[in-house]
Amino acid sequence: MRSGRRVRYGSGDNAVLRMALWRAWKSKCYWCKGPVEFNTCQIDHIIPQDVSDDRLKILKVEFGLPEDFDLNDPQNLAPICVPCNGAGRKGGATYSEPVYMSQLKQAARHRRAVVASVRGFGRSGKVAGHLLEVITADLGQGNVREEFLEFAPTIVQILAMADSDLAGYLSFERVEVEVDRQLGTEQGVNVSLDERGRMTESLLKEVCGADLASVFQAPIRELLREIGTRATAGFEALESDSPICAGEPVRDWLVVDVESLDYQRERDVIEVTIGGVFECSLSAGLTRSDPRGDGLEDLQGDAVVSGTFTASASWDLADALSGLEAGDCVIGEWTQESWC
Ligand SMILES: [Zn+2]
């Protein structure tokens, strides 16, 4: 069976690979999770290319990577924004951090789509190549911009007629949600909305008088609680000679992305559903019986957790005073990397 051309980062033009990665990672920088434009996004090696052979050997064991792990394979590649690729952010971090483990896992999940997209590129004709030329055009040049503005709308129109679902675009915004009223703690939420999501956002504003910050408040608080409960259970399930008891986890950082916002109306009730993903690093004090004696041993547990969630809220139009009523926040997928 032919396995096809090997897909990997090379010394030449990596535009096709960059586009495949950008699409697979949903046009977000893998480091800060913020939206990044295709033309400014760069390809980053999660484990840096200049890692020494000895260090790589250790990382392979530490991260459970295959013996033939290739630094230039999509399994080690991700789109990154220019500020994050600078020395101040990613450059300042060390790559023994378990954060990398979670990123490598995400890259492994996206790998199949990236490889298929690169292999399929230009297979059946020249259109893909021409489109790539259009996508990578430098709109900073006056004449290029003029041509683009004149002809690109036709492409959008043709696309809409071929498949209207594909002709939409995502808009991005960041919403600060108050998660602790007493402490005044806020949590930033990255929101990417399609047309349906934008319609729901304006409906919430006009009919319910609620902005996204207030709609997300109860669900995000519920999500934080649920993450804490699950992480505690994860810590207590760590392999150990004696049972582990975990204290309340403290969040180090948390990234929440809302990726879908939709509504349904049944008679006088508007039901809103929110869907998204999260990634969180947290630590907790752990206690277990000291294997050497009969006293208790205190340890620090750290974990990176990630997963998906859905939440709901409803609004009863017949009861104007009731306001927006929060429903449940349910975690779907859940992964936890923990250690102590
Ligand atoms: Zn970034």
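The following exercises, each with a worked solution, concern a predicted model of one protein chain.

**Exercise 1. Overall description**

Determine how many helices and strands the protein chain has, and which domains divide it.

Solution.
Step 1. The secondary structure of the protein chain comprises 8 helices and 9 strands.
Step 2. The chain is divided into domain 1 (15-136), domain 2 (141-166) and domain 3 (171-339).
Step 3. Between the centres of domain 2 and domain 3, taken over C-alpha atoms, the separation is 39 Å.
Step 4. Along the principal axes, the C-alpha atoms fill a box of roughly 75 × 65 × 40 Å.
Step 5. The chain has 340 residues, of which 26% count as buried.
Step 6. For contacts between residues at least 6 apart in sequence, 70% join residues at least 24 apart.

**Exercise 2. Classifying four residues**

Decide whether R23, E133, K26 and K33 are buried, partly exposed or exposed.

Solution.
Step 1. The cut-offs are needed here: a residue is buried with 20 or more other C-beta atoms within 10 Å, exposed with 12 or fewer, and partly exposed in between.
Step 2. R23 belongs to helix 1 (residues 15-24). R23 is partly exposed because 15 other C-beta atoms lie within 10 Å.
Step 3. E133 belongs to helix 5 (residues 127-135). E133 has 10 other C-beta atoms within 10 Å and is therefore exposed.
Step 4. K26 lies in the loop between helix 1 and strand 1 (42-45). K26 counts as partly exposed because it has 15 C-beta neighbours inside 10 Å.
Step 5. K33 is also in the loop between helix 1 and strand 1. With 19 C-beta neighbours inside 10 Å, K33 is therefore partly exposed.
Step 6. The backbone angles of these two lysines complete the description. K26 is not a glycine, yet its phi is positive, about 55°. K33, likewise not a glycine, has a positive phi of about 70°.

**Exercise 3. Sequence separation and spatial separation**

Find how far apart R23 and A113 are in sequence and in space, and do so for E133 and G64.

Solution.
Step 1. R23 and A113 are 90 residues apart in sequence, while their C-alpha atoms are 9.2 Å apart.
Step 2. E133 and G64 are 69 residues apart in sequence, while their C-alpha atoms are 39 Å apart.

**Exercise 4. The geometry of helix 8**

Establish the span of helix 8, where it bends, and which of its residues are buried.

Solution.
Step 1. Helix 8 (residues 212-236) has 25 residues, and at 1.5 Å a residue a span of 36 Å is expected.
Step 2. From its first C-alpha to its last, helix 8 reaches 36 Å, which is close to the expected value.
Step 3. A bend of about 35° occurs at A218, and the proline P219 follows within four residues.
Step 4. The buried residues of helix 8 include L212, V215, F216, P219, I220, L223, L224 and I227.
Step 5. An α-helix has 3.6 residues a turn, so residues three or four places apart point the same way.

**Exercise 5. The nonpolar cores**

Identify which residues have the most contacts inside the largest nonpolar core, and which elements contribute to this core.

Solution.
Step 1. The largest nonpolar core has 38 residues, and those with the most contacts inside it are V189, V215, I220, L223, F235 and V272.
Step 2. Two or more residues each come from strand 4 (185-193), helix 7 (195-208), helix 8, strand 5 (244-246), strand 6 (250-266), strand 7 and strand 8.
Step 3. Helix 8 gives the most to this core, with 9 residues.
Step 4. Another core, of 27 residues, lies apart from it and has L17, L77, C84 and Y100 among its members.
Step 5. Leaving aside residues up to four places away in sequence, V189 touches V175, V177, F216, I220, V256 and V258.

**Exercise 6. Strand pairing**

State in which sense strands 7 and 8, strands 8 and 9, and strands 1 and 2 pair.

Solution.
Step 1. Strand 7 (residues 269-289) pairs with strand 8 (residues 296-316) in the antiparallel sense over 21 bridges. Here S289 stands opposite L296.
Step 2. Strand 8 also pairs with strand 9 (residues 324-339), antiparallel over 12 bridges. Here G307 stands opposite W334.
Step 3. Strand 1 and strand 2 run antiparallel and are joined by 4 bridges. The bridge partner of H45 is L77 in strand 2.
Step 4. From strand 2 (residues 77-80), L77 and P79 point one way, A78 and I80 point the other way, and all are buried.

How values were computed: Residues are numbered from 1 along each chain as its sequence is written. This is a predicted model: local features need pLDDT of at least 70, side-chain atom pairs count only at pLDDT 80 or more; totals for chains, interfaces and linings use all residues. Two residues are in contact if their C-beta atoms, placed from the backbone, lie within 7 Å. The expected span of a helix is 1.5 Å times one less than its number of residues. The bend at a residue is the angle between axes fitted to the seven residues ending there and the seven starting there. Domain bounds come from an automatic or database domain assignment. Two strands pair if DSSP finds at least two bridges between them. A nonpolar core is a set of buried Ala, Val, Leu, Ile, Met, Phe, Trp, Tyr and Cys residues joined through C-beta atoms within 7 Å.
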